[in-house]
Every structure is written in structure tokens, then in C-alpha cells.
Amino acid sequence: MKKKIYSKIFNDLAAIRARNEAVAKNTADSAFSISEINECDTAMRLNSFALIKAEMENKDTAELKAKEEELTAKLESLLNKYGYKSTDFEPVHSCSKCSDTGRIGNLFCSCFNTRYIDEVKRAANLEISAPFTFNDCDFSRISNENQKKFLEETYKKAKTYCKMFSTQKTQNMLLTGATGTGKTCVASAIANELVNRGITVIFVSAFELLQKMKECHFALPEDRDLYLEDYMSVDLLIIDDLGVEQILRNITCEYLLLILCEREAHGKSTIVTTNLGDKILSRYGDRIASRLTNQKNTLIRNFNGNDMRNQR
């Protein structure tokens with residue numbers, strides 16, 4: 001996914017440069033279509049050629065240099081007369097530091113980094129799919145003290161997970177429990193926190209993911225990789241409400257296993273929320289269950305308590 005975002009940003013910057021260069025060229029074409037300006041510019045060019053030739057032949061250049069200054073002043077005066085400046089013919093860059101290239105030497109420019117964060121946020125689309133953030137946490141509305149304590153501890157672990165995201169051994173999370181106990185909110189808060197740090201995230205419901213799996217399964221063989229590529233390469237994949245989707249033969253379990261295996265092989269992090277609890281094994285089989293519940297690289301949190309959607 002990062003490669004796609006990088007490519008989009010560089011293409012956008014190239015388009016910006018092309019537009020700005022076109023504006024500068026059109027301005028220059030308009031100015032130099034005026035006969036007085038064009039004649040003066042032609043005289044300057046001829047004088048420049050003569051000056052270069054004289055310098056190469058070691059001839060006296062004082063007269064040519066004096067004429068160059070005279071013609072330069074005349075051209076500037078003519079440009080002012082018709083409402084132009086010499087700087088009008090140079091592209092105006094939106095970023096003066098990198099001239100809209102996105103790079104300063106071997107480093108990304110700050111404008112590139114800003115664009116990257118914006119693109120990561122746009123790609124994640126969390127404002128619609130997962131708007132809940134850590135700032136939205138309000139434990140005071142939870143009447144069950146045990147549930148409140150559990151959630152406070154869980155959010156603390158979630159913040160640590162975000163802080164240590166790139167270096168921690170625990171790459172995955174499995175959030176299980178009944179409906180309305182806060183699993184999706186925790187996953188959403190993590191997603192928003194990481195996206196703000198430029199970490200690529202896909203937050204997808206199990207139902208939506210199944211639709212992609214079906215598209216992939218029935219696509220032409222040469223196109224299949226395109227459908228699931230982002231789910232395999234994104235820094236963090238969050239699958240919400242696993243277990244609500246249909247089990248379709250040769251699709252659901254097979255492609256879910258493929259995604260999990262590819263992510264595991266490349267050290268990518270995955271968070272799953274589900275109501276299934278210990279029914280994961282019977283629904284998906286041991287190969288998927290073992291990957292979702294592997295405590296060596298997975299933090300498992302079992303949510304209990306009241307449905308908080310009914311609390312005010």
C-alpha cells in the first residue's frame with residue numbers, strides 16, 4: 001500500500017509542476033508576442049552569442065558587456081510597461097524548499113510527509129468506517145466497576161500497542177466478547193492513533209472483506225492479486241466483527257487463511273474483533289484459529305460486561 005501512496009504523491013507533484021510550468025510558459029509566450037519585447041529579447045540573445053564568442057577568442061568584451069546591461073535594463077522597462085516582471089516567466093512552486101519534487105537530496109521534504117499523512121488518512125477512510133478515537137473514551141458512563149476497570153486496562157494496553165507498534169513482538173490483537181462491550185471502539189481508537197503517525201491502516205468489516213474475497217475468486221487469474229494486495233501489504237489490517245460473514249466454500253476460509261499467512265510471513269500486524277470466542281476453531285478450522293490465538297505474537301482481550309450502547 002505504501003508504494004501506491006508514494007506513487008500517487010509523486011504523480012500529483014509532477015502534475016503540479018507541469019501546471020505551474022505551463023502557466024509560466026503561457027505568460028512568457030504572451031509577453032514575448034509583443035513586438036517591442038520580442039525585438040529587445042532577440043537583440044539580447046544575439047549580443048549574448050557575440051559576447052560568448054568574443055570571450056572564447058580572447059577579444060575585448062567591454063562594449064558587448066555594456067550593451068548587455070543596456071538591453072537588460074531596456075527589457076525590464078518594456079516588461080514593466082506591459083505589466084510583466086521577469087519573475088513571471090519562472091514556475092511558482094507550492095513548496096519553495098523542494099520545488100514540488102517531494103525530495104531534498106535523499107530525504108523526503110516536509111511537504112511530502114504532510115501529503116503522505118493526508119493520503120494515509122484518506123485511504124483508511126476512518127471518518128466513516130471507524131471514527132472513534134482515544135479522546136472519545138469516557139469511562140464515567142460505565143456503571144459496572146469490573147467492566148470499567150477492564151476497559152481502562154485495555155485502553156492502556158492499546159496505547160502501549162500504538163506507542164511500540166514498529167518495535168514490539170506482539171504484532172496482533174484478538175478482541176473477543178459480546179456485542180456492545182467496546183471491541184470495535186478499541187480497534188477504532190488504535191486505527192486513528194496510528195494513521196495520525198503515518199502508519200497505513202485498513203479497517204474493514206468481515207462482511208466487506210468477504211465481498212473482496214468473492215471478487216478475487218471470480219476474477220481473471222492474472223487480476224486476482226489486485227483484489228487482496230492491499231489487505232496483505234498494509235501496515236495494520238483490522239477485521240471487524242469476524243464471524244458475521246457467510247462461510248462460502250473455497251472462498252471464506254481459504255482467502256482468510258491466505259491473508260493471515262501472507263501478513264504473518266511479512267511481519268505485518270492484524271487486529272480482529274469477534275463475538276465468536278472459543279467458537280473460532282469450529283467455524284474456521286485449526287489453521288486459522290491457531291494464527292488468531294497464537295499468544296506468542298497476539299494480545300488477546302476477552303470483553304465481558306453490559307452492552308454499553310444501551311447506557312447513557
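# Exercises on helix packing and salt bridges

With a relative accessibility of 54%, Lys81 counts as exposed, where exposed means over 50% relative accessible area, buried under 20% and partly exposed in between, using a 1.4 Å probe and protein chains only. The model is predicted, so that local features need pLDDT of at least 70 and side-chain atom pairs count only at pLDDT 80 or more, although totals for chains, interfaces and linings use all residues. Residues are numbered from 1 along each chain as its sequence is written, and side-chain values use heavy atoms, with hydrogens and water left out.

## Exercise 1

Determine which residue forms a salt bridge with Lys81, and where the two partners lie.

Solution. Step one is the criterion: a salt bridge requires a side-chain nitrogen of Lys or Arg within 4 Å of a carboxyl oxygen of Asp or Glu. Step two is the partner, which is Glu36, with the closest N and O atoms 3.1 Å apart. The pair links distant parts of the chain, since Glu36 belongs to helix 2 and Lys81 to helix 3, 45 residues apart; helices here are DSSP runs of H or I with at least four residues, strands are runs of E with at least two, and both are numbered from the N terminus. Step three concerns exposure: Glu36, at a relative accessible area of 32%, is partly exposed.

## Exercise 2

Describe how helix 2 and helix 3 are oriented relative to each other, and list the residues that make their contact.

Solution. Begin with the axes, which are lines fitted to C-alpha atoms, for helices over the stretch in contact, with angles running from 0 to 180 degrees between N-to-C directions. Helix 2 (residues 35-56) packs against helix 3 (residues 62-81) at an angle of about 160°, and the axes are 9 Å apart. The two helices are therefore roughly antiparallel, a class that covers angles over 145 degrees, whereas those under 35 are roughly parallel, those from 65 to 115 roughly perpendicular and the rest oblique. The crossing of helix 2 with helix 3 is left-handed, the near helix being turned anticlockwise from the far one by less than a right angle.

Next, take the contact itself (heavy atoms within 4.5 Å). Helix 2 contributes Glu36, Ile37, Cys40, Ala43, Met44, Asn47, Ser48, Ala50, Leu51, Ala54 and Glu55, while helix 3 contributes Leu64, Lys65, Lys67, Glu68, Leu71, Thr72, Lys74, Leu75, Leu78, Leu79 and Lys81. Sorted by class, this contact holds twelve nonpolar, three polar and seven charged residues, with Ala, Val, Leu, Ile, Met, Phe, Trp, Tyr, Cys and Pro counted as nonpolar, Asp, Glu, Lys and Arg as charged, and the others, Gly among them, as polar.

## Exercise 3

Carry out the orientation analysis for helix 8 and helix 10.

Solution. The axes of helix 8 (residues 206-218) and helix 10 come within 10 Å and cross at roughly 100°, and the two helices are therefore roughly perpendicular to each other. Their contact is made by Leu209, Leu210, Met213, Cys216 and His217 of helix 8 together with Thr252, Tyr255, Leu256 and Ile259 of helix 10. The class count for this contact gives seven nonpolar, two polar and no charged residues.

## Exercise 4

Examine the salt bridges Asp41 with Arg45 and Glu245 with Arg283, stating for each residue whether it is buried, exposed or partly exposed.

Solution. For Asp41 and Arg45, the closest N and O atoms are 2.9 Å apart; being four residues apart in helix 2, these two residues are separated by about one helical turn. Asp41 is buried at a relative accessible area of 13%, whereas Arg45 is exposed at 51%.

For Glu245 and Arg283, the closest N and O atoms are 4.0 Å apart. This pair joins distant parts of the chain, 38 residues apart, with Glu245 in the loop between strand 5 (236-242) and helix 10 (252-265) and Arg283 in helix 11 (residues 280-284). Glu245 is buried, with a relative accessible area of 4%, and Arg283 counts as partly exposed at 26%.

To complete the survey, a search of the whole structure finds 16 salt bridges, and Lys8, Asp12, Glu119 and Arg122 are linked in a network of such pairs.

## Exercise 5

Characterise the backbone angle phi and the setting of Ser99 and of Asn125.

Solution. Most residues other than glycine have a negative phi. Ser99 nevertheless has a positive phi, near 55°; this residue lies in the loop between helix 3 and strand 1 (103-104) and is partly exposed at 30% relative accessibility. Asn125 also has a positive phi near 55°, lies in the loop between helix 4 (110-124) and helix 5 (126-129), and is partly exposed, with a relative accessible area of 37%.
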